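Here's a quick tour of one helix and the strands around it. Have the structure open while you read.

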Amino acid sequence: MGAAGSTEEKVVCRNRRARHDYEIEDTFEAGLVLVGTEVKSLRAGVADLKDAYAVYREGELFLVSAHIGAYEKASRFNHEPRRERKLLMQKRVIEKLGQRIRERGYTLVPLEIYFKKGYAKVLLGLAKGRKQYDHRQEIRAESERREMREASRKGQGG
């Protein structure tokens, strides 16, 4: 691992269900407002984005239902694992996202939490929910792509 000033990214957790359940139209990076025990838990990799989402409220964005586990060495000074956490972005970007969220069918879904230059960041996806038939179409398209790859390998390796 590098120093706090390094440019490498360390992914803490990914939301694998998000790309399956939603059609991601755009992605945005946001900073997280955390307390000390949350940072230590994230560095230990104790986090889960299952069922998490972002809400727009009074000109601010909040990450809701993201689970950052308790830091075992913190005793009584520990944090609430599923508390709302404020997201940091430029004001005009927040306003733009707020307008899109108010549109019917759009939601902000966290795709991953990672450290960048020592700061905890969350990658948000502006998403539209998929219908059941969309899932079937996606599975069918993926299997067709897989068959095409296998056929081309057999043709080359022959």
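## Strands that pair up

In this predicted model, G31 sits opposite K121 of strand 9. That fits into a bigger pattern: strand 2 and strand 9 run antiparallel to each other, with 9 bridges between them.

Strand 9 also pairs with strand 8, again in the antiparallel sense, and here the count is 10 bridges. Pick out E112 and you'll find L123 in strand 9 as its bridge partner. The hairpin of strand 8 and strand 9 leaves 2 residues between the strands, and K117 in that hairpin takes a positive phi near 55°.

## Helix 3, end to end

Now for the helix. Helix 3 covers residues 91-102, so to speak a run of 12 residues. From its first C-alpha to its last it reaches 17 Å, close to the 16 Å expected at 1.5 Å a residue.

## Two sides of the helix

Which residues of helix 3 are buried? They are I94, L97, G98 and I101. Because they cover an arc of only 110° around the axis, they end up on the same side of helix 3. The general rule behind this is simple: an α-helix has 3.6 residues a turn, so residues three or four places apart point the same way.

Flip to the face turned away from that buried side and you'll meet R92 and Q99, which are exposed.

## What the buried side packs against

The buried residues of helix 3 pack against several strands: strand 2 (22-32), strand 4 (53-57), strand 5 (60-64), strand 8 (106-116) and strand 9 (119-129). Among them are strand 8 and strand 9, the antiparallel pair with 10 bridges from earlier.

Note on methods: Residues are numbered from 1 along each chain as its sequence is written. This is a predicted model: local features need pLDDT of at least 70, side-chain atom pairs count only at pLDDT 80 or more; totals for chains, interfaces and linings use all residues. Side-chain values use heavy atoms; hydrogens and water are left out. Helices (H or I, at least four residues) and strands (E, at least two) are DSSP runs, numbered from the N terminus. The expected span of a helix is 1.5 Å times one less than its number of residues. Buried means under 20% relative accessible area, exposed over 50%, partly exposed in between (1.4 Å probe, protein chains only). The arc is that of the directions from the helix axis to the C-beta atoms. Contact means heavy atoms within 4.5 Å. Two strands pair if DSSP finds at least two bridges between them.
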